[in-house]
Amino acid sequence: PEGMPGVNVSLKGSSRGTTTDGQGRYRLNVPDDATTLVFSFVGYLSQEVVIGARSAIDVSLKPDDKTLSEVVVVG
């Protein structure tokens, strides 16, 4: 699977976060007491992932069909 650029990655309950680069990669320094990362992108379901002892976390976001069906394009 290809990486998605522009995905928001943040620490749950804080303002600390980053976005993925052109290859879908990200780097985020997290404090020892951080427990959960939140991944979000327009048109996709947000996903929360428990950090645990991992230093690398990869996720696959699923399209949010409800959001996509409400898009209106005016030409």
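**Exercise 1. Find how many salt bridges this predicted model holds, and work out which parts of the chain are tied together.**

Solution. Start with the count: searching the whole structure of this predicted model turns up 1 salt bridge. Next, name the partners. They are Glu48 and Lys12, and their closest N and O atoms are 2.9 Å apart. The cut-off for a salt bridge is 4 Å, so a pair at that distance qualifies.

Now place both residues on the chain. Glu48 sits in strand β4 (residues 47-50), while Lys12 belongs to the loop between β1 (8-11) and β2 (17-19), so the contact ties together parts that are 36 residues apart in sequence. Finally, check the surroundings of Glu48: its relative accessibility is 48%, which makes Glu48 partly exposed.

**Exercise 2. Classify the pairing of Tyr26 with Phe39, then compare how each residue is exposed.**

Solution. The whole structure contains 2 aromatic pairs. For one of them, Tyr26 with Phe39, the ring centres lie 5.7 Å apart and the planes meet at 75°. Planes over 60 degrees apart count as edge-to-face, so this pair is edge-to-face.

Then look at where the rings come from. Tyr26 is in the loop between β2 and β3 (36-40), and Phe39 is in strand β3 itself, so the pair ties together parts that are 13 residues apart in sequence.

For the last step, remember that buried means under 20% relative accessible area. Tyr26 has 25% and is therefore partly exposed, whereas Phe39, at 2%, is buried.

**Exercise 3. Describe the largest pocket and its lining.**

Solution. Begin with the volume, which is about 770 Å³ for the largest pocket. Its lining has 29 residues, and those closest to the centre are Gly24, Tyr26, Phe39, Ile57 and Asp58. Both partners of the edge-to-face pair, Tyr26 and Phe39, are thus on that list. Sorting the lining by character gives 15 nonpolar, 8 polar and 6 charged residues.

**Exercise 4. Decide where along the chain the model deserves the most caution.**

Solution. First lay out the elements: there are 1 helix and 4 strands, and from the N terminus they follow the order β-β-β-β-α. Next, take the overall confidence. The chain has a mean pLDDT of 89, with 91% of its residues at 70 or more.

Now go element by element. Helix α1 (residues 65-68) has the lowest mean pLDDT, 65, and β2 has the highest, 97. Where pLDDT is low, predicted coordinates should not be read in detail. Among the elements, the one with the lowest mean value is helix α1.

Technical notes:
Residues numbered from 1 in each chain as written. Predicted model: local features only at pLDDT ≥ 70, side-chain atom pairs only at ≥ 80, totals over all residues. Heavy atoms only, no water. Salt bridge = Lys/Arg side-chain N within 4 Å of Asp/Glu carboxyl O. Helix = DSSP H or I, 4+ residues; strand = E, 2+ residues; numbered from the N terminus. Buried < 20%, exposed > 50% of the residue type's maximum accessible area, 1.4 Å probe, protein only. 1 Å grid on protein atoms, 1.4 Å probe; cavity = no way out; pocket = protein on both sides within 12 Å on 5 of 7 lines; lining within 4 Å. Points joined across faces, edges and corners; volume = space filled by probe spheres on them. Nonpolar A, V, L, I, M, F, W, Y, C, P; charged D, E, K, R; others polar. Phe/Tyr/Trp six-rings, centres within 6.5 Å; stacked < 30°, edge-to-face > 60°. pLDDT = per-residue confidence, 0-100.
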